[in-house]
Amino acid sequence: MDEVWFTDHTGNQKLDNLDEISESIGEGGYYRVNLIPGKLTLLSIDSLPFNSDNYQKSEDVCDAMLNWLEAQLSGAGPDEKFLTMMHIYETAGYWEEVYTNWKEDIY
């Protein structure tokens with residue numbers, strides 16, 4: 001999938017961490033893009049595994065992604081800012097108390 005979004009797009013070929021992006025997308029669909037190195041970073045989180053319908057099948061992916069996210073944030077420099085994006089926002093599946101997307105009692 002990283003070929004479609006990164007390798008095949010001329011503008012994205014200039015990113016300084018294409019190998020890291022390819023590796024983390026392959027592990028669980030999450031990645032980091034250094035928009036302004038040391039100043040502004042985009043963190044993309046694949047929130048689909050956290051969906052309550054998918055969670056039991058992907059607990060290892062969820063743990064790896066949360067560990068990765070924690071490492072990204074804790075390793076940041078004092079002036080670094082982050083933008084985050086994801087597939088499903090945390091209350092997207094909550095309609096009239098029918099169901100929720102997140103297993104909140106796990107984390």
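Two salt bridges were counted in this predicted model. In one of them, the side chains of E80 and R32 meet at an N to O distance of 2.8 Å. This pair links distant parts of the chain, since R32 belongs to strand β1 (residues 31-36) and E80 to the loop between α3 (59-74) and β3 (81-86), with their positions 48 residues apart. With a relative accessibility of 13%, E80 falls under the 20% limit and therefore counts as buried. R32, at 14%, is likewise classed as buried.

A salt bridge also joins the side chains of K39 and D79, with an N to O distance of 3.9 Å. K39 is located in the loop between β1 and β2 (40-45), and D79 in the loop between α3 and β3, so this pair ties together parts of the chain that are 40 residues apart in sequence. K39 has a relative accessibility of 44%, a value that places this residue in the partly exposed class. D79, at 47%, is also partly exposed.

The strands named above belong to a sheet. Three strands form this open sheet, arranged in the order β1-β2-β3 with mixed pairing. Strands β1 and β3 lie at the edges, each pairing on one side only. From one strand to the next, the twist averages 20 degrees. Between β2 and β3, the pairing is parallel and extends over six bridges. L40 has K81 of β3 as its bridge partner. Helix α3 packs on the sheet and touches β1, β2 and β3. The direction of α3 makes an angle of about 170 degrees with that of β2.

Note on methods. Residues numbered from 1 in each chain as written. Predicted model: local features only at pLDDT ≥ 70, side-chain atom pairs only at ≥ 80, totals over all residues. Heavy atoms only, no water. Salt bridge = Lys/Arg side-chain N within 4 Å of Asp/Glu carboxyl O. Helix = DSSP H or I, 4+ residues; strand = E, 2+ residues; numbered from the N terminus. Buried < 20%, exposed > 50% of the residue type's maximum accessible area, 1.4 Å probe, protein only. Pairing = 2+ DSSP bridges. Axes fitted to C-alpha atoms, helices over the stretch in contact; angles between N-to-C directions. Contact = heavy atoms within 4.5 Å.
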